[in-house]
Amino acid sequence: MFEYQQPDARGHFGMYGGSFVSETLTHAINELKAAYAHYQFDPAFVAEFKNELAHFVGRPSPIYHADRMSREQGGAQIFLKREDLNHTGAHKINNTIGQAMLAKRMGKPRVIAETGAGQHGVATATICARYGLECVVYMGSEDVKRQSPNVYRMKLLGATVVPVESGSKTLKDALNEAMRDWVAHVDNTFYIIGTVAGPHPYPMMVRDFQSVIGNECLVQMPEMLAAAGCKTEQPDAVLACVGGGSNAMGIFHPYIAHQNTRLIGVEAAGEGLESGKHSASLQLGSPGVLHGNRTYVLQDDNGQVTETHSISAGLDYPGVGPEHAFLKDIGRAEYVGITDTEALAAFHYLCRTEGIIPALESSHALAYAMKLAKTMRPDQSILVNLSGRGDKDIGTVADLSNADFYCRPSCKGQSVKGGQEQVIHLVTPGAHA
């Protein structure tokens, strides 16, 4: 078995990770580290977390053998870990529950978050509604446009969504604004970071909450593989898309010790790695500091962060979690790229072959699985983390496919039953109408 104990006591994964924050946030970070260390193995905390995952999220999520897809592609058997079936439609809820439980115990009534694809924003708004916490979500204005269904979901759940107009108006800039908010409201605010990035203890803490994904797979896969005629008890390869990298780390971490299982992270190659329009931090980035941790960053010769591009808002980020950087350097994980065109093709293929609409982020991992399967035998296997469902992406996909699609009846001048006299006004609980 592969010996692996990361990070160290200061939050370093080899040369990566750590905590690079302003003096204003040092106390908040130390407070969070102490709280997580206290509750991480606390029996009551762990029991509550497991109960929420079972009864609120609906875990364990199933593993599905994509039998028709496997036959048509030829080669390896392809399995999907169905995180898209979780409450809120993605893996993000696993982490937001854990952090919101910490926020309650730390006496923080206000929660902030950043979001790209909107799935982390929706998950944060969901758990804040459940726990009665104020919720503010920062989202790049470009992502607000391309993920409008999730913006409305957040508002329905009571969150305030703040469009960010600075920089590239995407995930990086949303994270910047959330950090600024935290500095200004550090006494009463808990920052729920959505990925395995940020200053220590976030990369470790988010990984720990998301590792439920891989731990379930270790239990589920032996029976699935035996039924499919595969010879091993665990998959030959585990694949996941990588932006910041939380869904990938959630499924990778429990498999690190299983040396016969390849771990393959799939980055957004955008319009091609050679085009300069991509988000392939691990393949074309270099070590630097971003958002409080040292990792691989897409930057120019002067250390300035460069613009990124991806069809998927959740992968449109110039950095990556520090543990992914470490796994790349030690050779335990591999990182590859899939273009916008390949991801879109995989999106349509899974819809029409297996009746599953995947998120565009997850479609990157699916696209590489389709390539990899052809190089393997039918008694070998690939496990793909289907990290989210694609409802949020249908507007983007429709535009790119030149399809006739509109968001709601009023977009085409149509009306709905009910009329103006029956409009429902949302009232904040406890407020007077």
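These legends accompany an overview and several close-up views of a predicted model.

**Figure 1. The whole protein chain, with its 16 helices and 14 strands.** The chain has a radius of gyration of 21 Å, close to the 22 Å that the globule rule gives for 433 residues, so it is as compact as a globular protein of that length. Measuring along the principal axes is done on the C-alpha trace, which spans about 65 × 60 × 50 Å. Of the 433 residues, 58% count as buried. Contacts across the sequence are well represented here: among those with a separation of 6 or more, 74% join residues 24 or more positions apart.

**Figure 2. Surface and charges of the protein chain.** The accessible surface comes to about 17900 Å², and carbon and sulfur atoms hold 52% of it. There are 37 positive and 45 negative charges, and their mean positions lie 3 Å apart. Side chains of opposite charge can pair when their charged atoms come close. In the whole structure, a search finds 27 salt bridges; the next views take up some of them.

**Figure 3. A salt bridge within helix α3, between E72 and R68.** The closest N and O atoms of this pair are 2.9 Å apart. Look along the helix, residues 67-73, and you will find the two partners 4 residues apart, a separation of about one helical turn. E72 counts as partly exposed at 42% relative accessibility, and R68 is partly exposed too, with a relative accessible area of 37%.

**Figure 4. A salt bridge between the side chains of E323 and R207.** The N to O distance is 3.2 Å. E323 belongs to helix α13 (residues 322-329) and R207 to helix α9 (residues 202-210), so this pair ties together parts that are 116 residues apart in sequence. Are these two residues buried or exposed? Both E323 and R207 are buried, which means that each has under 20% relative accessible area.

**Figure 5. A salt bridge between E342 and K371.** Here the closest N and O atoms are 2.8 Å apart. Helix α14 (residues 340-354) carries E342 and helix α15 (residues 360-373) carries K371, so the pair ties together parts that are 29 residues apart in sequence. Both partners are partly exposed: the relative accessible area is 26% for E342 and 41% for K371.

**Figure 6. A salt-bridge network.** Which residues are joined into one network by salt bridges that share partners? They are R59, K81, E83 and E216.

Terms used: Residues are numbered from 1 along each chain as its sequence is written. This is a predicted model: local features need pLDDT of at least 70, side-chain atom pairs count only at pLDDT 80 or more; totals for chains, interfaces and linings use all residues. Side-chain values use heavy atoms; hydrogens and water are left out. Helices (H or I, at least four residues) and strands (E, at least two) are DSSP runs, numbered from the N terminus. The radius of gyration is taken over C-alpha atoms; the globule rule is 2.2 Å times the number of residues to the power 0.38. Buried means under 20% relative accessible area, exposed over 50%, partly exposed in between (1.4 Å probe, protein chains only). Contact means heavy atoms within 4.5 Å. Accessible areas come from the Shrake-Rupley method with a 1.4 Å probe; for residues, only the protein chains shown count as cover. Lys and Arg count as positive and Asp and Glu as negative; His and the chain ends are not counted. The place of a charge is taken as NZ of Lys, CZ of Arg, CG of Asp or CD of Glu. A salt bridge is a side-chain nitrogen of Lys or Arg within 4 Å of a carboxyl oxygen of Asp or Glu.
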